[in-house]
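The report below describes selected strands, a sheet and a pocket of one structure, shown here first.

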Amino acid sequence: MKAGVPSSVGLAMLLVGGGLTASPALAKCRSDCKKQIVAEAKACKSGCGKDKVCKKACRDEKTSDVAACKAAPNPTPPDCGETTTTTTTSTSAVTSSTTTTSTSTSITSTTTSTTSTTTSTSASTSTTEPPCSSVLQWGAPGSGNGEFINPTGIAIDGSGNIYVADSGNNRIQKFDASGTFLTTWGSSGSGDGQFSNPFGVATDGGGHVYVADSGNSRVQKFDASGTFLTTWGSAGSGTGQFGLSAGVATDGSESVYVSDVHNDNHLHDRVQKFDASGNFLLTWGSGGQFDSPVAVATDTSGHVYVADTGNFRIQKFDAIGTFLTMWGNLKSEAEGVATNSTGDVYVSEFHAGIEKFDGSGTFLTAWSGGFNFKPVGVATDASGNVYVVDYGNNRVQKFACP
């Protein structure tokens, strides 16, 4: 989060803006496309309440979409002229040194470790894998079952059920693997089971669901049916406190990692680690190592990946916060990060689409998801399918990967 931006805007909305520029030689946008763009802008603003900054971001996005439509030679729904230029990233070796500080409740001192890495990035135009293809999508703007307003996080449990943080509606929605609505829970508020802009969501091996309740600066834990189990966290920069609890992830030991964003020039932006009951274990990253880390993920080997959003990069750590490597030069702000069973890493970039890397940061492939595709949360299932929260269209998309 940029300093000075009110937290009520919501993490994803902070990154809305910019976009394509219209060609001066073309000036028409079909009426069916205009209607689609207007409807999406209306849905965007409906989730803003009285927040003027949020509404302005929606207006800017509408202007960008109309410009893209006018610039296209024959715009038709659902794309309406929006195109995505795919550039790729490859890694080259340089040597750098990063100092990481980890603090644990089980010791009385702070330990510092220094690790060397060999990572930098450079632009390329080649891919080593074909992109994934959209095979299913569901959702529409609204507050009914299966509808969304500004959805953000997504998680998948061991049975293939899908949980979506429907941030604008302050609730969690649960679906089966085909997108069929199963149940929902939550409402606006600060009580048990209530939310204020829930952003990230995760599951563990026991079928529990963890929600980063960002506006309430806490994490809430539920069973798979939405029954409230426990909560932890409060506003602040102390141990176990949060500025905005943004991303949440679990590992094979059922530890819980939470990315913590602070509106203080990022001096306290960090990752905090807890056990499954919310007991604090350790933290790392304070002092400027991160700039708005809004998402976190783990792999089967216990590594932790952090979407360092404001720095346009991914950072990789071991389970105790020791820095391992990083890669940057992302095409847009990283809003989400996920891994698959083979250790590959998927990064959702709000204005660019999805990029796939191996666990060392080597670029593999990239793709977009059609008109107004603004990906936020990303998750994978046991079959290697990739599920993406399409914030721009208030829906979820499922992609099959070769």
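Which residue in E27 is the bridge partner of Val378? In this predicted model, where local features need pLDDT of at least 70, side-chain atom pairs count only at pLDDT 80 or more, and totals for chains, interfaces and linings use all residues, that partner is Val388. Residues are numbered from 1 along each chain as its sequence is written, and side-chain values use heavy atoms, with hydrogens and water left out.

Strands (E) are DSSP runs of at least two residues, numbered from the N terminus, and two of them pair if DSSP finds at least two bridges between them. E26 and E27 form a hairpin with five residues between them, and Gly384 in the turn has a positive phi of about 90°. Six of the six residues of E26 are buried (under 20% relative accessible area, 1.4 Å probe, protein chains only), so this strand is largely enclosed by the rest of the structure.

Two antiparallel pairings can be set side by side.

| Strands | Residues | Bridges |
|---|---|---|
| E26 and E27 | residues 375-380 and residues 386-390 | four bridges |
| E20 and E21 | residues 313-317 and residues 323-327 | four bridges |

In the second pairing, Phe317 stands opposite Phe323 in E21. An open, antiparallel sheet of four strands has the order E18-E19-E20-E21, and its edge strands, each pairing on one side only, are E18 and E21.

Definitions and conventions: Buried means under 20% relative accessible area, exposed over 50%, partly exposed in between (1.4 Å probe, protein chains only).
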